[in-house]
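Trainee: Please take a close look at the charged contacts here and at the chain segments around them. I would value one connected account.

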Amino acid sequence: MRIRIVDAFTDRPFAGNPAGVLVLDSPRFPDDRWLQQVAAEVNHAETAFLAPLPDDPDADWALRWFAPTTEVRLCGHATLAAAHIVGAPARFRTLHSGVLTAAAVAGGAITLDFPTAPLTRTAVPADIAPAIGAEPLSVHGTGENVGDLLVEVADEETVRALEPDMAAVAGLASRRGLIVTAPAEDPARGYDFVSRCFFPNQGIPEDPVTGSAHTALAPFWSARLGREDLTGLQASARTGLVRTALRGDRVLLTGTAVTVIDGELHA
């Protein structure tokens with residue numbers, strides 16, 4: 001079976017967020033244990049598995065995403081990687097997030113149409129500050145499909161300097177993890193806000209670039225900055241840019257992707 005590794009939300013290899021992509025021959029997925037074993041072997045933030053849907057009038061592919069330790073409900077960068085492999089336009093039927101679409105745009109980029117994450121302001125948990133090593137300004141829940149706490153901190157420098165206690169982050173209830181964000185220090189650099197994402201409960205201490213997190217970051221920063229179209233920089237070591245466009249209950253996520261490995265899976 002052919003397997004690719006694609007770097008998503010970047011225009012160059014060895015940046016952005018790597019994802020495994022396997023395109024299956026049958027509309028039926030193999031058993032979940034095998035899917036999880038492959039994702040653990042790939043050992044990137046997510047591996048996307050696509051099965052063709054020749055008889056579905058509303059979707060071209062069934063799409064599932066697996067992190068190294070568990071299946072996930074929504075993944076942006078692996079969807080971008082999948083669309084990069086099968087080509088856009090494409091329609092993906094998912095288990096929890098409905099049909100997601102991918103469209104080709106100018107310059108080789110791809111735009112994904114995702115549901116907007118519902119934001120719910122919550123009291124600041126006492127264990128957030130020691131877990132991330134910074135004082136939060138606000139904390140928001142992000143709904144079931146994203147499943148993170150969005151933590152606002154004072155400035156870009158604070159986000160870049162974070163050295164979280166991963167054991168403490170993992171102990172923060174049963175959520176996927178934390179999105180930590182702040183406004184850009186200088187929007188003239190080409191981005192409006194910064195973020196970093198930490199998911200130790202899914203075997204991902206820090207996710208390089210998280211498309212699904214931007215379905216929450218887009219409404220959060222659009223409300224703060226008064227604009228629907230923004231660009232986010234995920235300030236991980238690999239870095240990546242995600243262009244966001246808030247459209248009511250949908251968020252458009254735009255980025256590019258690069259295939260870095262194309263090989264065979266023998267298991």
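Mentor: There are 16 salt bridges in the structure, a salt bridge being a side-chain nitrogen of Lys or Arg within 4 Å of a carboxyl oxygen of Asp or Glu. The model is predicted, so local features need pLDDT of at least 70 and side-chain atom pairs count only at pLDDT 80 or more, whereas totals for chains, interfaces and linings use all residues. Residues are numbered from 1 along each chain as its sequence is written, and side-chain values use heavy atoms, with hydrogens and water left out.

One of the salt bridges joins the side chains of Glu144 and Arg73, with an N to O distance of 3.7 Å. This pair links distant parts of the chain, 71 residues apart: Glu144 belongs to helix α4 (residues 143-146), and Arg73 to the loop between β5 (71-72) and α2. Helices (H or I, at least four residues) and strands (E, at least two) are DSSP runs, numbered from the N terminus. Glu144 counts as exposed at 61% relative accessibility, while Arg73 is partly exposed with a relative accessible area of 26%. The cut-offs are under 20% relative accessible area for buried, over 50% for exposed, and partly exposed in between, with a 1.4 Å probe and protein chains only.

The loop that holds Arg73 leads to α2. In helix α2 (residues 76-86), eight of the 11 residues are buried, so the helix is largely enclosed by the rest of the structure. The buried residues of α2 include Gly76, His77 and Leu80. After α2 comes Gly87, with a positive phi near 95 degrees.

A second salt bridge connects Arg176 and Asp148, whose closest N and O atoms are 2.6 Å apart. Arg176 is in the loop between α6 (166-170) and β12 (177-183) and Asp148 is in strand β11 (residues 148-152), so the pair ties together parts that are 28 residues apart in sequence. Both Arg176 and Asp148 are buried.

A salt bridge also occurs within a helix: the side chains of Arg160 and Glu156 meet at 2.9 Å, N to O. The two residues lie four apart in helix α5 (residues 156-161), which means that about one helical turn separates Arg160 from Glu156. Their surroundings differ in class, since Arg160 is partly exposed with a relative accessible area of 42%, whereas Glu156 is buried at 2%.

Beyond such pairs, salt bridges that share partners join Arg2, Arg4 and Asp262 into one network. The strand context is relevant here. Strand β1 (residues 2-8) has six of its seven residues buried, so it is largely enclosed by the rest of the structure. β1 pairs with strand β18 (residues 257-264) in the antiparallel sense over seven bridges, where two strands pair if DSSP finds at least two bridges between them. Within this pairing, Val6 has Thr259 of β18 as its bridge partner. β1 also pairs with strand β2 (residues 17-23), again in the antiparallel sense, over six bridges. There, Ala8 has Asn17 of β2 as its bridge partner. In a regular strand the side chains alternate between the two faces of the sheet.
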